[in-house]
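Visitor: Could you take me through this structure and justify the terms you apply to it?

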Amino acid sequence: MNALLARRPVAVAHAAQAAAAAPTPAPRTYDRVWRGVVLLCDVAALAAAFGVAVAVVWRFWSVRPSFGAAIVAALLVLLAFAAHELYERTYAIVRRDEFYYALSVAAICLVLIVPCFFVTDMSLASRVAVALGVALSGLAVGTARYALRRFAGESRLFARQDVRVVSAPAGDVETWLSE
């Protein structure tokens with residue numbers, strides 16, 4: 001084994017090269033200040049999504065859906081994002097991943113909310129408004145988070161993380177590999 005290591009050249013990168021080539025760590029933690037900003041953006045996006053859903057149902061069916069059901073569903077979506085810890089950290093490596101994660105959480109919420117339609121006594125208009133609101137919330141929250149990462153900048157949005165680069169000592173690589 002040592003004979004093979006002695007014949008094969010071992011390339012040891014400099015610390016600057018290794019840090020530049022290091023992949024983006026995931027999950028990344030939001031900075032304390034930006035956690036509140038992300039929460040406010042999501043609340044605004046949820047309000048817009050459920051507002052549009054209620055307005056669409058009201059306009060096309062001429063029946064006023066329940067605002068209380070829409071508010072409760074919006075709070076459940078907000079709790080789902082909090083349960084997945086998406087206000088503390090992000091699992092997205094690139095900006096568009098934020099959109100996909102928001103859609104997946106909205107899909108999970110929709111699957112969990114639909115059985116509630118059969119237990120509660122809601123009108124059909126309210127059910128459609130809630131389902132449409134949850135579907136639109138994935139689009140709205142995903143777009144808001146994408147825009148936040150686009151315009152706020154990665155360096156300001158996330159907390160500083162220490163990066164440690166470990167490299168072999170300049171001398172004996174074989175001894176270092178056997179340790």
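The exchange below sets computed values against the cut-offs behind each term.

Visitor: What kind of model is this, and which elements make up the protein chain, in what order?

Guide: The model is predicted. The protein chain has 8 helices and 2 strands, and from the N terminus these run α-α-β-α-α-β-α-α-α-α. Of its 179 residues, 30% count as buried. The chain exposes about 11,500 Å², of which carbon and sulfur atoms supply 64%. Among contacts between residues at least 6 apart in sequence, 80% join residues at least 24 apart.

Visitor: Why is Phe81 called buried?

Guide: The cut-off for buried is under 20% relative accessible area. Phe81 has 2% relative accessibility, so Phe81 counts as buried. Tyr87, at 10%, is buried by the same cut-off.

Visitor: What makes the pair of Phe81 and Tyr87 tilted?

Guide: Rings pair if their centres lie within 6.5 Å, and planes that are neither under 30 degrees nor over 60 degrees apart count as tilted. The ring centres of Phe81 and Tyr87 are 6.4 Å apart and their planes stand at 45°, so the pair is tilted. A search of the whole structure finds 3 aromatic pairs.

Visitor: Why is the pair of Phe99 and Tyr100 called edge-to-face?

Guide: The centres of these two rings are 6.3 Å apart, within the 6.5 Å limit. Their planes are at 70°, which is over 60 degrees, so the pair is edge-to-face. Phe99 has a relative accessible area of 24%, between the limits of 20% and 50%, and is therefore partly exposed.

Visitor: How do you know that Arg59 lies over the face of Phe60?

Guide: The distance limit for a charge over a ring is 6 Å from the ring centre, together with a limit of 35 degrees from the ring normal. Arg59 is at 5.9 Å from the ring centre of Phe60 and is assigned as lying over its face.

Visitor: Which residues touch the most other members of the largest nonpolar core, and which elements contribute to this core?

Guide: The core has 34 residues, and Phe50, Val77, Phe81, Val130 and Val134 touch the most other members. The elements giving two or more residues to it are α3 (32-61), α4 (67-83), α5 (95-119) and α6 (124-152). Leaving aside residues up to four places away in sequence, Val77 touches Leu46, Phe50, Cys109, Val134 and Ser137.

Visitor: How does the span of α3 compare with the expected span, and which of its residues are buried?

Guide: α3 has 30 residues and reaches 44 Å from its first C-alpha to its last, close to the 44 Å expected at 1.5 Å a residue. Its buried residues are Trp34, Val38, Asp42, Ala45, Leu46, Ala49, Phe50, Ala53, Val54 and Val57. An α-helix has 3.6 residues a turn, so residues three or four places apart point the same way.

Visitor: What makes the phi of Ser62 and of Glu85 worth noting?

Guide: Most residues other than glycine have a negative phi. Ser62, just after α3, takes a positive phi of about 55°, and Glu85 also has a positive phi of about 55° although it is not a glycine. Ser62 is in the loop between α3 and α4, whereas Glu85 lies in the loop between α4 and β2 (89-90).

Visitor: Why is Ser62 called exposed but Glu85 partly exposed?

Guide: The relative accessible area of Ser62 is 62%, which is over 50%, so Ser62 is exposed. Glu85, at 32%, falls between 20% and 50% and therefore counts as partly exposed.

Terms used:
Residues are numbered from 1 along each chain as its sequence is written. This is a predicted model: local features need pLDDT of at least 70, side-chain atom pairs count only at pLDDT 80 or more; totals for chains, interfaces and linings use all residues. Side-chain values use heavy atoms; hydrogens and water are left out. A nonpolar core is a set of buried Ala, Val, Leu, Ile, Met, Phe, Trp, Tyr and Cys residues joined through side-chain atoms within 4.5 Å. Buried means under 20% relative accessible area, exposed over 50%, partly exposed in between (1.4 Å probe, protein chains only). Helices (H or I, at least four residues) and strands (E, at least two) are DSSP runs, numbered from the N terminus. Contact means heavy atoms within 4.5 Å. Rings of Phe, Tyr and Trp (its six-membered ring) pair if their centres lie within 6.5 Å; planes under 30 degrees apart count as stacked, over 60 as edge-to-face and the rest as tilted. Accessible areas come from the Shrake-Rupley method with a 1.4 Å probe; for residues, only the protein chains shown count as cover. The expected span of a helix is 1.5 Å times one less than its number of residues.
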